[in-house]
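This report describes the fold, the sheet and the main pocket of the protein shown below. The account begins with the order of the elements and then turns to selected parts of the chain.

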Amino acid sequence: MKQLRYKKDSEYIFVDGYNIINYWDVFKDFKGELEDRRLKLCDILAEYAHLTHEKIILVFDGYMVKKSSGAIYDYKGIKVIFTKEFETADHFIEKELAEVGRVRRIRVATSDNIEQQIILSRGGSRISAREFEVEVYTVMNKVKKNIQTSNVPTKIVSLDEETLAMLSKLKDKIE
């Protein structure tokens, strides 16, 4: 699995994916498989990241996945991590915080109490799954309200995955 690179002037938020899926209301009555839930969370967080300019690193456990070497994906502007076999999302996040936590502004979204204490000791700040849910939907609703009340006609343009990938690569080169 390749290494993540962090920029000093950026704000990051690590998200414990399965912890969020288990706590957020949007997933309580969600119909569909686990993969559908993961994709829904990815879409929500990609939109949130676009609105806040915060760098999101969404981490899913690969702990029980036999022979998994882990993987890092770019998904609509966010990083999605699947940890390797026998590595929990908590352990991955702790390891990353140990390397960069005191140099950059980093938050971690999880409701795991032990993990929250470790996060604080490593220089990060924590936000519970519920607090993060409220924050995400507050930002998104505020933008929707601003769009509805503006007098400027809006036209929503949808880009295909290939164009999004090309724009993401261009953005990475510029940064």
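From the N terminus on, the elements of this predicted model follow the order β-α-α-β-β-β-α-β-α-β-α-α, and the protein thus holds 6 helices and 6 strands. Of its 175 residues, 38% count as buried.

The strands form an open sheet of 6 strands with mixed pairing, arranged in the order 3-4-2-1-5-6. Strand 3 and strand 6 (125-127) stand at the edges of this sheet, and because each has a single partner strand, one side of each is left without a neighbour in the sheet. On average, and with direction ignored, neighbouring strands are turned by 25° against each other. Strand 1 (residues 11-16) and strand 2 run parallel and are joined by 5 bridges; within the sheet, tyrosine 12 stands opposite lysine 55 of strand 2.

Alanine 71 belongs to strand 3. Its relative accessibility is 17%, which lies under the 20% cut-off, and alanine 71 therefore counts as buried. Although alanine 71 and phenylalanine 82 are 11 residues apart along the chain, their C-alpha atoms are separated by 5.2 Å.

Does the length of helix 3 follow from its residue count, and what span should its 12 residues have at 1.5 Å a residue? The expected value for helix 3 (residues 89-100) is 16 Å, and its end C-alpha atoms are 17 Å apart, which agrees. An α-helix has 3.6 residues a turn, so residues three or four places apart point the same way. In helix 3 the buried residues are Ala89, Asp90, Phe92, Ile93, Glu94, Glu96, Leu97 and Val100.

The largest pocket encloses about 1,700 Å³ of space. Its lining consists of 42 residues, and those nearest its centre are Lys76, Gly77, Ile78, Ser168 and Lys171. At least two lining residues come from each of helix 2 (34-52), strand 2 (55-60), strand 3 (71-75), strand 4 (78-82), helix 5 (129-149) and helix 6 (161-174), and helix 6 gives the most, with 8 residues. The lining divides by residue class as follows.

| Class in the lining of the largest pocket | Number |
|---|---|
| Nonpolar | 19 residues |
| Polar | 7 residues |
| Charged | 16 residues |

Strand 3 therefore appears in two settings, as an edge strand with a single partner and as one of the elements that supply the lining of the largest pocket.

Note on methods. Residues are numbered from 1 along each chain as its sequence is written. This is a predicted model: local features need pLDDT of at least 70, side-chain atom pairs count only at pLDDT 80 or more; totals for chains, interfaces and linings use all residues. Side-chain values use heavy atoms; hydrogens and water are left out. On a 1 Å grid over the protein atoms alone, a cavity is a set of points where a 1.4 Å probe fits but cannot get out, and a pocket is an open set with protein on both sides within 12 Å along at least five of seven lines; lining residues have an atom within 4 Å of a point. Grid points are joined across faces, edges and corners, and a volume is the space filled by probe spheres set on the points. Helices (H or I, at least four residues) and strands (E, at least two) are DSSP runs, numbered from the N terminus. Ala, Val, Leu, Ile, Met, Phe, Trp, Tyr, Cys and Pro count as nonpolar, Asp, Glu, Lys and Arg as charged, and the others, Gly among them, as polar. Buried means under 20% relative accessible area, exposed over 50%, partly exposed in between (1.4 Å probe, protein chains only). The expected span of a helix is 1.5 Å times one less than its number of residues. Two strands pair if DSSP finds at least two bridges between them. Axes are lines fitted to C-alpha atoms, for helices over the stretch in contact, and angles run from 0 to 180 degrees between N-to-C directions.
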